[in-house]
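Work through the exercises below with the sequence and the model open. Try each task before reading its solution.

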Amino acid sequence: MSATAKVWLDRLRDLPLDHPVSILNVCGGHERTLSHTGLRAALPETIRIIPGPGCPVCVCPEEDICDAMRLARECDVVVVAFGDMLRVPINAARSDPRCLSDARGAGADIRPIASPREAVAIARALPDKRVVFFAAGFETTMAPVAAMLCQGVPDNLFLLVSGRLTWPAVDMLLASEKPGFDALIAPGHVATVMGPEEWSFVAERYGLPIAVAGFTAESLLAATYYVLTQLLATTAHLKNCYPAIVRPGGNRVAQQQLSHSMRIVDANWRGIGTIARSGFALSETFASRDARSLLASPQDAARRHAGEMPPGCDCARVVLGKVVPTNCKLYGKACTPRRPIGPCMVSDEGACHIWWTSGLHNRTHAPHRRTGVAA
């Protein structure tokens, strides 16, 4: 793994690929490295890396965002959430807030935070106020949330949990008739917590090469090289290209804390639908911390959009690797980071936001031949 990016690129160019190969990238951090460093343009034309389900903000269901807004507006509580969640839009009437930031502008006490520690600090600073932590994220976000719970939280701190596991979405894609990719690069930070073995099913069950990668160009190029050599050799196994951080078995302490504080449930992914055993919910031990118990009445069934994206928005297909951001008709026109229509344009882990901030502003000049998705 100590080779330079140039060495890995030279090795990739020397591979005898005689047809296009598509590789699914399952991490927003990986996508940032690929896009901001211009790696796609440096790769041979036969190698296509497709952005996939690497953004937890993008798949957070509307009903959870609506619950967070209802808590802040109707229940006299302080809602705290990671900063990128505040701007995620929902389908709403023109007269209603479309995101947490709008609700904040209308007078609700909603505050951005960067870590669970800040949620605890705010609750301790406001002992006479109920504080709700809207916790959305994948395994690497939910692990520190679990640690926070296990270490003890103030009595006035509640949680609105919207956590998701990464691998079930990939499993769902692979179980479909046409997954649309030949190999997979798995997220290094998730493997650090949960262990690289969690991703072995890709090779063992579906016969696809897979490599765990870190966040440098060198690690990503190494992972790309190793999955391609597997394809050429018609073999499939799991390769760890992030050995400095990702260790066999993962972080046992983090796993124990997750197991103690959370349970695994079927969960709705926005624009995708319900995926079996893909979500985190509070365990029975911490059931009294569930912020939904503070709501005076359950959400109106008519308000649940079953994961709908805004009209015309292709975020769901972007998350699933079916299209690239520039295929969306709204990209760069109605939808930009300043005025996002869909969640993929909000978060810095969303593929649309990453592509835009990387300088790809023109829908008609997307690098389709380098991503493997037709215009």
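**Exercise 1. The open sheet**

In what order do the 5 strands of the open sheet lie, and is the pairing parallel or antiparallel?

*Solution.* A note on the source comes before the steps. This is a predicted model: local features need pLDDT of at least 70, side-chain atom pairs count only at pLDDT 80 or more, and totals for chains, interfaces and linings use all residues. Residues are numbered from 1 along each chain as its sequence is written, and side-chain values use heavy atoms, with hydrogens and water left out.

Step 1: read the order. It is S2-S1-S7-S8-S9, with parallel pairing. Strands (E, at least two residues) and helices (H or I, at least four) are DSSP runs, numbered from the N terminus. Two strands pair if DSSP finds at least two bridges between them.

Step 2: find the edges. Strand S2 (47–51) and strand S9 (238–241) each pair on one side only.

Step 3: take the twist. Neighbouring strands are turned by 25 degrees against each other on average, direction ignored. Axes are lines fitted to C-alpha atoms, for helices over the stretch in contact; angles run from 0 to 180 degrees between N-to-C directions.

Step 4: add the helix. Helix H12 (residues 217–232) packs on the sheet and touches S1, S2, S7, S8 and S9. Contact means heavy atoms within 4.5 Å. The direction of H12 makes about 170 degrees with that of S8.

**Exercise 2. Strand S7 and its partners**

Trace the bridges from S1 through to S9, and assess the burial of S7.

*Solution.* Step 1: S1 and S7 run parallel, joined by 3 bridges. Asn-25 has Ile-185 of S7 as its bridge partner.

Step 2: S7 and S8 pair over 4 bridges, in the parallel sense. Here Leu-184 is partnered by Ile-210 of S8.

Step 3: another 4 bridges join S8 to S9. Ala-211 is matched with Lys-239 of S9.

Step 4: 5 of the 5 residues of S7 are buried (under 20% relative accessible area, 1.4 Å probe, protein chains only). S7 is therefore largely enclosed by the rest of the structure.

**Exercise 3. The largest nonpolar core**

Which residues touch the most other members of the largest nonpolar core, and where does this core lie?

*Solution.* Step 1: the core has 56 residues; Leu-71, Met-85, Val-132 and Phe-134 touch the most other members. A nonpolar core is a set of buried Ala, Val, Leu, Ile, Met, Phe, Trp, Tyr and Cys residues joined through side-chain atoms within 4.5 Å.

Step 2: helix H5 gives the largest share, 6 residues.

Step 3: domain 2 (55–161 + 248–292) and domain 3 (315–356) both contribute, so the core lies between them. Domain bounds come from an automatic or database domain assignment.

Terms used:
Buried < 20%, exposed > 50% of the residue type's maximum accessible area, 1.4 Å probe, protein only.
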